[in-house]
Amino acid sequence: MRSYAAVDLGASSGRVMVGRVGPDTLELTEAHRFPNRPVRVPEGLRWDVLALYAGVLDGLRAAGCLAGGRLDSVGIDSWAVDYGLLDTRGALMGNPAHYRDTRTEGVAQKVWATVPAAELYAATGLQYAPFNTLYQMTADREAGRLAHAERLLLIPDLLTYWLTGEQGTELTNASTTQLVDPRTRTWAHGLAARLGIDLGLFAPLRQPGDPAGTLRPEVLAETGLSGPVPVTAVGSHDTASAVAAVPATGERFAYICTGTWSLAGLELDAPVLTEESRAANFTNELGLDGTVRYLRNIMGLWLLQECVREWGDPDLGSLLQAAAEAPALRSVVDAQDTAFLAPGRMPERIAEACRASGQPVPGTPAEITRCVLDSLALAHRRAIEDAQRLADRPVDVVHVVGGGTRNALLCRLTADACGLPVVAGPTEAAALGNVLVQARAHGLAGDRAGLRRLIAGTQPLARYEPRGDAGRWREAAARLAAR
Ligand code: ADP
Ligand code: LRH
């Protein structure tokens with residue numbers, strides 16, 4: 001048995017997990033969990049990346065204690081698109097901006113004046129989101145913030161650099177920059193040149209499974225680990241790691257990674273770059289072993305997180321119980337709408353959206369929670385229907401992974417809405433995918449299907465069969481479409 005530490009940074013919390021792996025064994029234990037609290041300063045919304053790095057160091061210390069002082073490797077994944085800038089001495093130039101920061105407002109339209117949106121999609125396969133790295137870099141360049149930058153590191157690559165002193169750009173996360181061609185799986189040089197983006201800011205590409213250095217002596221001293229401890233590149237985009245850990249036993253499956261976001265779609269061998277796919281705002285991100293994550297971003301449990309924050313953090317279990325008893329499908333909102341991207345006033349914004357579409361206005365926390373969960377289930381249904389049609393790939397089962405698997409009501413509603421069985425779990429899919437890519441790089445035999453069988457055979461999963469109320473979901477979908 002070998003021990004691997006998976007650092008998994010989500011938008012709401014970070015965790016360091018220890019995976020103990022043998023040919024037929026996979027055990028995951030939480031070593032440390034810490035909140036990820038963005039901070040609003042006068043210049044905008046920023047990640048507290050030093051607090052996150054401190055959490056990683058605390059986590060590695062705790063992981064070492066769990067693993068008897070010795071780790072066979074460490075891997076890091078996090079949310080996508082965001083970056084830190086380094087100066088000529090390799091020092092971080094300020095706190096990385098949060099993808100929910102408003103500095104990219106109106107930037108896409110300027111980019112499209114040079115490269116029209118249709119051409120951008122044909123070249124990169126990436127959905128439109130205001131926070132794609134390309135738009136963030138354009139905003140930063142126009143504001144003069146790139147002028148003295150020597151290097152740009154995506155968040156997991158930045159933390160890897162601090163741990164090892166080595167710089168690289170891991171491919172699955174690079175594919176969320178909108179600067180990668182999903183057919184060649186390398187930088188889109190021509191596109192970047194036209195848009196005045198200096199690809200020299202990025203460190204060389206790394207593939208999942210590549211070595212990414214060893215922990216620096218100072219890190220070993222601070223964490224009490226005995227060296228050398230290699231750091232291994234994993235699918236450093238958390239969604240890439242989570243999809244790698246979907247416990248599918250066949251080919252005909254869809255997945256929904258549910259956490260702060262819901263990422264709903266299919267695993268494909270090649271990108272879908274049609275105009276229809278662009279109009280449906282599906283993205284083609286790159287996954288393990290030459291795969292493509294063909295999916296749509298849905299606002300996800302962010303909607304609920306923000307409400308709960310506004311309500312002063314009531315007990316989630318009681319709130320979900322009350323929501324389960326609230327009237328079903330009374331009012332629904334469009335959970336794909338980027339109008340819900342920014343923080344703040346979420347219960348009011350949801351109520352306003354219901355009012356504007358002529359539906360009953362939910363008032364109590366239970367009613368609003370029910371509205372959020374019904375709306376998410378409806379958006380899951382739409383994404384999975386659209387993905388099957390656009391990629392011409394029918395599915396028989398929906399795998400739900402991530403923190404949302406702890407929300408049984410959401411899983412049940414998703415099965416009902418999709419009219420398909422839902423297999424829920426694992427909850428810590430990203431950490432498991434992270435661990436397995438490390439294990440494979442260090443000798444564990446197995447193709448993607450083999451890794452998935454190992455997860456299916458070792459992790460607790462729950463199954464939700466769809467209940468036959470398809471007509472009500474169709475009616476609610478039509479209600480939203482008619483807005
Ligand atoms: P991220 O990785 O984006 O930070 P997670 O995968 O950790 O997100 O999922 C966080 C979400 O999981 C929370 O917003 C919450 O809605 C849900 N969740 C966490 N714990 C529970 C629980 N005990 N019951 C129901 N839902 C939960
Ligand atoms: C989920 C996620 C998602 C991205 C978003 C920025 O954590 O990585 O895949 O679109 O964050």
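Which are the buried residues of α15? Keep that in mind as you open the structure, which is a predicted model.

**Stop 1: helix α15**

Select residues 408-418, which make up helix α15. This helix is mostly covered, with nine of its 11 residues buried. To answer the opening question, colour Leu410, Cys411, Arg412, Leu413, Thr414, Ala415, Asp416, Ala417 and Cys418: these are the buried residues of α15.

Now add the surroundings. The elements covering those buried residues include the strands β15 (253-258), β19 (397-401), β20 (422-424) and β21 (462-464). The helices α14 (365-391) and α18 (470-481) are also among them. Before moving on, click on Gly419, which follows α15 and has a positive phi, near 65 degrees.

**Stop 2: two crossing helices**

Keep α14 and α18 on screen. Their axes come within 11 Å and cross at roughly 90 degrees. Angles of 65 to 115 degrees count as roughly perpendicular, and α14 and α18 are therefore roughly perpendicular to each other. Show side chains for Leu378, Arg381 and Arg382 of α14, then for Trp473, Ala476, Ala477 and Leu480 of α18, since these residues make the contact. Coloured by type, the contact of α14 with α18 has five nonpolar residues, no polar ones and two charged ones.

**Stop 3: the open sheet**

Next, select the strands in the order β17-β18-β16-β15-β19-β20-β21. These seven strands form an open sheet with mixed pairing. At its edges are β17 and β21, each of which pairs on one side only. Look along the sheet for its twist, which averages 30 degrees from one strand to the next.

Zoom in on β19 and β20, which pair in the parallel sense over three bridges. Here His399 stands opposite Val423 in β20.

**Stop 4: the β17 and β18 hairpin**

Travel to strand β17, residues 283-286. Thr283 and Glu285 point one way, Asn284 and Leu286 point the other way, and all are buried. Add β18 (residues 292-298): the two strands run antiparallel and four bridges join them. Thr283 has Leu295 as its bridge partner in β18. Five residues lie between the strands of this hairpin, and Asp289 takes a positive phi near 50 degrees.

**Stop 5: ligand 1**

Finish by selecting ligand 1. Which residues come nearest to ligand 1? Of the 15 residues around the ligand, they are Gly10, Ser12, Gly259, Thr260 and Gly403. Colour the whole shell by type and you will find four nonpolar residues, 10 polar and one charged.

How values were computed:
Residues numbered from 1 in each chain as written. Chains lettered and ligands numbered in written order. Predicted model: local features only at pLDDT ≥ 70, side-chain atom pairs only at ≥ 80, totals over all residues. Buried ≥ 20, exposed ≤ 12 C-beta atoms within 10 Å, placed from the backbone. Contact = placed C-beta atoms within 7 Å. Axes fitted to C-alpha atoms, helices over the stretch in contact; angles between N-to-C directions. Parallel < 35°, antiparallel > 145°, perpendicular 65-115°, else oblique. Nonpolar A, V, L, I, M, F, W, Y, C, P; charged D, E, K, R; others polar. Near = placed C-beta within 6 Å. Pairing = 2+ DSSP bridges.
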